[in-house]
Amino acid sequence: MGPGAEGYPLEQVASWPAADIASAWQRELPGVRTGSIEIITPLWRIAKVLADDRRRTLAELGVDPSTLDLLSVIRRSGPPYELTTREIARRTMVTAGAVSQRVARAEEAGLVERSSSSASRRAVAVRLTEAGHELIEPVVRHLLEHEADLIDSMTDAERATLTGILSRLERALLSGGRLSGGQGSGGE
């Protein structure tokens, strides 16, 4: 893999192993807890590389990440492929204002349509249009195949172990209130 979208080449990542960074801080600030460095630093670097790769892939496919996020969360919901804006915000972890902007752009592009929700008079339902289905399905298929290739070097057992560890870390961080609400992505 070559340089990232913002000039973050993998060669530089490999030249600064997290163990060396931890060791340097132990030397420079004796007594400071550095155990997190060998976990958080590689996770941050991997996230950066993957985010850059996803941005490039989506640009090649002609889809922006926020449109992918919106259409994906609705498509994954199953028939009738409709969610309220409140449910979209909850599932994508973005603000109601951001959801509103995303829906407006997607509606203008003919990818979704809004209507009154059957669940509540005040709720707004957002439903995928035929054009939305035609866009999201091949994009997700391509993206998932591409990202599966990125982790092909791991065995099934390694994937299962890593999945469990990451899930446990995520739960601990989110339940402990240590992370602020993010502008995360529901992803594919």
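This tour goes through a predicted model stop by stop, saying what to select and what is there.

**Before selecting anything**

Residues are numbered from 1 along each chain as its sequence is written, and side-chain values use heavy atoms, with hydrogens and water left out. Because the model is predicted, local features need pLDDT of at least 70 and side-chain atom pairs count only at pLDDT 80 or more, while totals for chains, interfaces and linings use all residues.

**Stop 1: colour by confidence**

Colour the chain by pLDDT, the predictor's confidence in each residue, from 0 to 100. The protein has a mean of 87, and 84% of its residues reach 70 or more. Helices and strands are DSSP runs numbered from the N terminus (helices: H or I, at least four residues; strands: E, at least two). Confidence is lowest in helix 1 (residues 10–14), with a mean of 50, and highest in helix 7 (residues 130–150), at 97.

Now select residues 1–8, where pLDDT stays under 50. The model has 23 contacts beyond four places in sequence for residues 1–8, a contact being heavy atoms within 4.5 Å. Residues 180–187 also stay under 50, with 20 such contacts. Where pLDDT is low, the predicted coordinates should not be read in detail.

**Stop 2: the sheet**

Select residues 82–84 (strand 1), residues 112–116 (strand 2) and residues 124–128 (strand 3). In what order do the 3 strands of the open sheet stand? The order is 1-3-2, with antiparallel pairing; two strands pair if DSSP finds at least two bridges between them. Strand 1 and strand 2 are at the edges with a single partner strand each, so one side of each has no neighbour in the sheet. Neighbouring strands are turned by 30° against each other on average, direction ignored.

Strand 1 and strand 3 are antiparallel and share 3 bridges. Show leucine 83 and, opposite in strand 3, valine 126. Strand 2 and strand 3 are joined by 5 bridges and also run antiparallel. Here serine 116 has valine 124 of strand 3 as its bridge partner, and serine 115 stands opposite alanine 125.

**Stop 3: helices across the sheet**

Add residues 65–76, which form helix 4. Helix 4 lies across strand 1, strand 2 and strand 3, at about 90° to strand 3. Such angles run from 0 to 180 degrees between N-to-C directions, and axes are lines fitted to C-alpha atoms, for helices over the stretch in contact. Next add helix 5 (residues 85–92), which lies across strand 1 and strand 3 and runs at about 90° to strand 1.

**Stop 4: the loop between helix 4 and strand 1**

Proline 80 lies in this loop, and so does tyrosine 81. What kind of peptide bond joins proline 79 and proline 80? The bond is cis, with omega at about 10°. Tyrosine 81 is not a glycine, yet has a positive phi of about 55°. Most residues other than glycine have a negative phi, and most peptide bonds are trans.

**Stop 5: helix 4 against helix 7**

Show helix 4 and helix 7 together. Their axes are 10 Å apart and the packing angle is about 100°. The two helices are therefore roughly perpendicular (angles under 35 degrees count as roughly parallel, over 145 as roughly antiparallel, 65 to 115 as roughly perpendicular and the rest as oblique). Contact residues include Leu68, Leu71, Ser72 and Arg75 of helix 4, and Leu135, Ile136 and Val140 of helix 7. By class the contact divides into 7 nonpolar, 3 polar and 2 charged residues (Ala, Val, Leu, Ile, Met, Phe, Trp, Tyr, Cys and Pro count as nonpolar, Asp, Glu, Lys and Arg as charged, and the others, Gly among them, as polar).

**Stop 6: helix 3 against helix 7**

Select residues 37–61, helix 3. The axes of helix 3 and helix 7 come within 11 Å and cross at roughly 145°. Leu50, Asp53, Arg54, Thr57, Leu58 and Leu61 of helix 3 meet Val139, His142, Leu143, His146, Glu147 and Leu150 of helix 7. This contact has 6 nonpolar, 3 polar and 3 charged residues.

**Stop 7: helix 2 against helix 3**

Finish with helix 2 (residues 18–28), which packs against helix 3 at about 135° with the axes 9 Å apart. Helix 2 and helix 3 are therefore oblique to each other. Ala18, Ala19, Ile21, Ala22 and Trp25 of helix 2 meet Ile37, Glu38, Thr41, Pro42 and Arg45 of helix 3. Those residues comprise 7 nonpolar, 1 polar and 2 charged.
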